[in-house]
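Me: I have a structure here that is new to me. Could you take me through it?

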Amino acid sequence: MTAPSATADKIVEIVRAALAPHGLFLRGTLNFSSAEAAPLLADGRPAASVVLIGNIGGSLWQAFNAWREGLPDRGGADPLDTWSKVVIGPVAAACGATAYFPSDPPWQPFQQWAMRAEGLQPSPLGILIHPRYGLWHGYRGALAFDRPLPETGERAAQHPCDRCAAKPCMSACPANALVEERFDVSLCRGHLRSEAARAGCLSAGCLSRDACPVGSDYRYRQEQLRFHMAALSL
């Protein structure tokens, strides 16, 4: 349970400071009303708030890569998920929060939380697009608390895709998996199994994602792109 002496502002300050060396940020806060369903804390009570934790661009890559290189098995089968728990778990314990991760049950609605907390909406690729970071961001976990917390991060005022007339993401896909702004996962996976994909998406990252003009300054480095593509289950 969160220490009674810690104010809500102090909790945010502590969490932000603990995450900073790892390249992780407080992405947004969602406070639940008493009338809506909320995730359960470790003691079984409904949470009063959730803080989303994630990366902005390649912010986590240096810390994650250094951790991975120091391990004989390079972090095992799912190194980024493991690293996220190694980093976020102790932060949760230190401030009396319950940690949730996208990779673990009970499955929590991370995308719905992000849409409410940050005002984001899906891009044609299905990835939530941020007005500043574009498609180059992610969520590594969330902390649930027994009290409301002040807002963190920034809220999107407008959906970036509404301002994009050219929509280059639609035409850049070599698998033609984007049809009428619907992403066909089977077409994408089929292409990624082909020889042509080895010199394209698998080595340089999703070509449609790369074609999006929003947030290009936050684009992942090649090493990180290859890591994420190699982690796909095809």
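The exchange below covers helix packing and then the sheet.

Reply: Certainly; please keep in mind that this is a predicted model.

Me: At what angle do helix 1 and helix 3 pack?

Reply: Helix 1 (residues 8-19) and helix 3 (residues 79-95) pack at about 155°, and their axes are 10 Å apart. Angles over 145 degrees count as roughly antiparallel, and the two helices are therefore roughly antiparallel to each other. The crossing of helix 1 past helix 3 is right-handed.

Me: Which residues meet there, helix 1 against helix 3?

Reply: From helix 1, V15, A18 and L19 take part, and they meet V87, I88, V91 and C95 of helix 3. Of the residues in this contact, seven are nonpolar, with no polar and no charged ones.

Me: Now the sheet. What is the order of its strands?

Reply: The sheet is open and has four strands in the order 1-2-6-3, paired in an antiparallel manner. Strand 1 (25-31) and strand 3 (98-100) are the edge strands, each pairing on one side only. From one strand to the next, the twist averages 25°.

Me: How many bridges link strand 3 and strand 6?

Reply: Three bridges join strand 3 to strand 6 (residues 137-145), in the antiparallel sense. T98 stands opposite A144 of strand 6.

Me: Which strands does helix 4 touch?

Reply: Helix 4 (residues 110-118) packs on the sheet and touches strand 1, strand 2, strand 3 and strand 6. The direction of helix 4 makes about 85° with that of strand 1.

Me: And which strands does helix 1 lie across?

Reply: Helix 1 lies across strand 1, strand 2 (49-56) and strand 6, and runs at about 150° to strand 1.

How values were computed:
Residues are numbered from 1 along each chain as its sequence is written. This is a predicted model: local features need pLDDT of at least 70, side-chain atom pairs count only at pLDDT 80 or more; totals for chains, interfaces and linings use all residues. Side-chain values use heavy atoms; hydrogens and water are left out. Axes are lines fitted to C-alpha atoms, for helices over the stretch in contact, and angles run from 0 to 180 degrees between N-to-C directions. Angles under 35 degrees count as roughly parallel, over 145 as roughly antiparallel, 65 to 115 as roughly perpendicular and the rest as oblique. A crossing is left-handed if the near helix is turned anticlockwise from the far one by less than a right angle, and right-handed if clockwise. Contact means heavy atoms within 4.5 Å. Ala, Val, Leu, Ile, Met, Phe, Trp, Tyr, Cys and Pro count as nonpolar, Asp, Glu, Lys and Arg as charged, and the others, Gly among them, as polar. Two strands pair if DSSP finds at least two bridges between them.
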